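Hi there,

Here is the structure I promised to pass on. Have a look at it first, and my notes on what turned up follow underneath.

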Amino acid sequence: MAKQKKTKPEVAIVMGSDSDWPIVQKAAETLDGFGVAYEVRVMSAHRTPEQASKYASGAVRRGLKVIIAAAGGAAHLGGVLAGHTTLPVIGIPIKGGAVNGMDSLLATLQMPAGIPVATVTLGSAGPVNAALLAVQMLAIARPALAKKLAAHKVAMKEKVAKGNARVQRELKKR
């Protein structure tokens with residue numbers, strides 16, 4: 001399990017069920033890599049709607065800057081949280097169920113005007129991208145974090161270049 005930061009959290013990672021944690025923890029690990037403090041909560045848009053409303057309504061006061069909301073099935077958590085805060089909300093649709101996550105993807109995407117929820121992909125890239133998007137939002141006002149993001153982009157570029165060089169070497173051996 002990813003460690004929670006002792007400094008004041010800037011990002012909330014909220015999931016509709018503890019069964020989402022094995023997938024969603026990649027967001028926590030990504031935030032750890034950038035040194036961004038976060039808190040993790042489990043609450044449901046349907047089973048604990050009062051708790052979700054209270055949590056989102058108090059998020060700004062508690063110093064949060066971004067909320068990441070992960071949910072499967074009807075996946076209303078991101079929208080419910082977004083409806084109760086002015087903070088940016090990033091939705092992670094969770095794969096599963098009868099339609100393999102398409103229901104959660106569409107529920108997270110199809111928000112009414114005035115209640116935006118940025119939505120990332122289904123699958124293992126979703127939590128990583130949600131965390132990176134949160135880091136990008138925070139980096140707007142934090143030059144040191146922007147430098148870390150730039151270094152991350154360079155590292156990804158170098159990884160691709162190394163992969164290409166490896167494949168080219170293998171092709172030459174044929």
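Buried residues, meaning those under 20% relative accessible area (over 50% is exposed, partly exposed is in between; 1.4 Å probe, protein chains only), make up 42% of the 174 residues in the protein. Please keep in mind that this is a predicted model, where local features need pLDDT of at least 70 and side-chain atom pairs count only at pLDDT 80 or more, while totals for chains, interfaces and linings use all residues. Residues are numbered from 1 along each chain as its sequence is written, and side-chain values use heavy atoms, with hydrogens and water left out.

On the overall layout, the C-alpha atoms fill a box of roughly 65 × 40 × 35 Å along the principal axes. The protein has six helices and five strands, taken as DSSP runs numbered from the N terminus (helices H or I, at least four residues; strands E, at least two). Along the sequence they follow the pattern β-α-β-α-β-α-β-α-β-α-α. Of the contacts (heavy atoms within 4.5 Å) with a separation of 6 or more, 67% are between residues 24 or more positions apart.

Now the sheet. The five strands form an open, parallel sheet in the order β2-β1-β3-β4-β5, where two strands pair if DSSP finds at least two bridges between them. β2 (38–42) and β5 (118–119) are at the edges with a single partner strand each, so one side of each has no neighbour in the sheet. Helix α1 (residues 21–34) packs on this sheet and touches β1, β2, β3 (66–72) and β4 (89–94); its direction makes about 175° with that of β1. That angle is between N-to-C directions, on a scale from 0 to 180 degrees, with axes fitted to C-alpha atoms and, for helices, over the stretch in contact. β1 (residues 11–15) is joined to β2 by five bridges, and V14 has R41 as its bridge partner in β2.

β4 deserves a look of its own. Six bridges join it to β3, running parallel, with I67 opposite V89. In a regular strand, side chains alternate between the two faces of the sheet. Here V89, G91 and P93 point one way and I90, I92 and I94 the other, and all are buried. Helix α4 (residues 102–109) has S104, L105, A107 and T108 as its buried residues, and these pack against β3, β4 and β5.

Is there empty space inside, and where is it lined? One moment on the method: a cavity is a set of points on a 1 Å grid over the protein atoms alone where a 1.4 Å probe fits but cannot get out, and lining residues have an atom within 4 Å of a point. Grid points are joined across faces, edges and corners, and the volume is the space filled by probe spheres set on the points. By this rule there is one cavity of 30 Å³ or more, and the largest has a volume of about 40 Å³. Its lining includes A69, A75, G91 and T108, and β3, α3 (77–82) and β4 each give two or more residues to it.

Finally, two backbone details. A75, in the loop between β3 and α3, has a phi near 45°, a positive value in a residue other than glycine, and is buried at 5% relative accessible area. N100, in the loop between β4 and α4, also is not a glycine and has a positive phi of about 55°; at 45% relative accessibility, N100 is partly exposed.

Best wishes

Technical notes
On a 1 Å grid over the protein atoms alone, a cavity is a set of points where a 1.4 Å probe fits but cannot get out, and a pocket is an open set with protein on both sides within 12 Å along at least five of seven lines; lining residues have an atom within 4 Å of a point.
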